Amino acid sequence: MRAQSSATAPTSIAVSVPGRTGTAGTLLAALGVTAFSLTFPATAWGLEGFGPWALVAVRSVLAALIAGVCLLALHIPVPDRRHWTGLAVVAAGVVVGFPLLTTLALQTSTTAHAAVVVGLLPLTTALLSALRMGTRPSRTFWTAALAGAAAVVAFTVQQSGGALTTADLYLFGALLVCAAGYTEGGRLARVMPGWQVIGWALVLCLPLTVPAAALALSYEPVRLTAHSVAGLLWVAAGSQFLGLVVWYRGMAAIGIPKASQLQLAQPLLTLVWSVLLLGEHLTVAAPLTAAAVLVCIAVTQRARG
């Protein structure tokens, strides 16, 4: 396959009607957030039958196989060499770092407590975006973002009883590497389709994830159940590939800072799924926090960067 040049980059954003592009981008990013909101409950299901290392490695291999088939079937050329460093950052943050660290955390943490990382992720992503790409959101944007992040953090900490656990180190590490992966992925999605960004990042990890999966499966016991298989399939196909496809495309359309603020709703969605799928208790504070978060999202979406 030949290298992909900048001439092959999509031009739809440049010629689209701005309002329609913004609406479509917001919807795509929202679909990504919905997919991501199921990640923690699905991981909890997966841990019922797989060890943490096996779950992360196998999910990455399965997602890479899906991506590889799509890339081959559509005869997608290999990205230009200048993009491989960025793809490596995406791979390290989104494909390996975040899944591994959050899976390790979820061995001892509830999904509600782990949602703290998601509450802080939009603000961290916007900050790294400003440093990496020179974006300068307005004061109104930052005020609403900080308020929304504070509301989400307060809610999720209250849900966990206010206690910090040793899993927090994993969670805050996951926060940093995921924000870096989102930022670099959003930048690359401006010069190649978003699904190709995550697709090539997954394929790039195969030399690492295939032997890791074989080794982990040989050492960690496996117990196949309906929950563990369903959890594995979702984190592989939904969270690791399809969710990131629409997420990166949405970020390319509306910008990294604004798209990242949609994730303020992700912890609340995760808590809803936790109640429905895991039977966790949800307090009456949820509707109040949801209303505050929705207001913050509306403000950030209207604020001019």
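The exercises below, each with a worked solution, concern a predicted model.

**Exercise 1. Packing of α4 and α11**

Task: Determine how helix α4 is oriented relative to helix α11, and find which residues make the contact.

Solution:
- Helix α4 spans residues 52-73 and helix α11 spans residues 226-254; their axes lie 8 Å apart, at an angle of about 55°.
- That angle makes α4 oblique to α11.
- The crossing of the two helices, α4 and α11, is right-handed.
- From α4, the contact is made by L55, V58, R59, S60, L62, A63, I66, A67 and C70. From α11, L232, V235, A236, A237, S239, Q240 and F241 take part.
- Sorted by type, the residues of this contact comprise 12 nonpolar, 3 polar and 1 charged.

**Exercise 2. Nonpolar cores**

Task: Describe the largest nonpolar core, list the contacts of W247, and identify some members of a second core.

Solution:
- The largest nonpolar core has 61 residues. Y182, I198, W247 and Y248 have the most contacts inside it.
- With residues up to four places away in sequence left out, W247 touches L28, A29, G32, V33, F36, Y182, A259, S260 and Q263.
- A second core, separate from the largest, has 7 residues, among them F50, A57, V58 and L232.
- V58 of α4 and L232 of α11 also belong to the contact between those helices.
- As a general background, nonpolar side chains tend to be buried together in soluble globular proteins.

**Exercise 3. Two helix residues**

Task: Classify T43 and L175 as buried or exposed, and list their contacts beyond four places in sequence.

Solution:
- T43 is found in helix α3, residues 39-46. Its relative accessible area is 3%, so T43 is buried, the cut-off being under 20%.
- Beyond its neighbours within four places in sequence, T43 is in contact with L55, R59, T103, L106 and V235. Of these, L55 and R59 of α4 and V235 of α11 also take part in the contact from Exercise 1.
- L175 is found in helix α8, residues 167-188. L175 has a relative accessibility of 6% and therefore counts as buried.
- Not counting residues up to four places away in sequence, L175 touches V117, L120, L121 and T124.
- L175 and L120 are 55 residues apart along the chain, while their C-alpha atoms are separated by 7.4 Å.

**Exercise 4. A loop residue**

Task: Locate H75, give its phi, and decide whether H75 is buried or exposed.

Solution:
- H75 has its place in the loop between α4 and β2 (78-79).
- Although H75 is not a glycine, its phi is positive, at about 55°.
- The relative accessibility of H75 is 67%, so H75 counts as exposed, the cut-off being over 50%.

Terms used: Residues numbered from 1 in each chain as written. Predicted model: local features only at pLDDT ≥ 70, side-chain atom pairs only at ≥ 80, totals over all residues. Heavy atoms only, no water. Axes fitted to C-alpha atoms, helices over the stretch in contact; angles between N-to-C directions. Helix = DSSP H or I, 4+ residues; strand = E, 2+ residues; numbered from the N terminus. Parallel < 35°, antiparallel > 145°, perpendicular 65-115°, else oblique. Left-handed = near helix turned anticlockwise from the far one by under 90°. Contact = heavy atoms within 4.5 Å. Nonpolar A, V, L, I, M, F, W, Y, C, P; charged D, E, K, R; others polar. Core = buried A, V, L, I, M, F, W, Y, C linked by side-chain atoms within 4.5 Å. Buried < 20%, exposed > 50% of the residue type's maximum accessible area, 1.4 Å probe, protein only.
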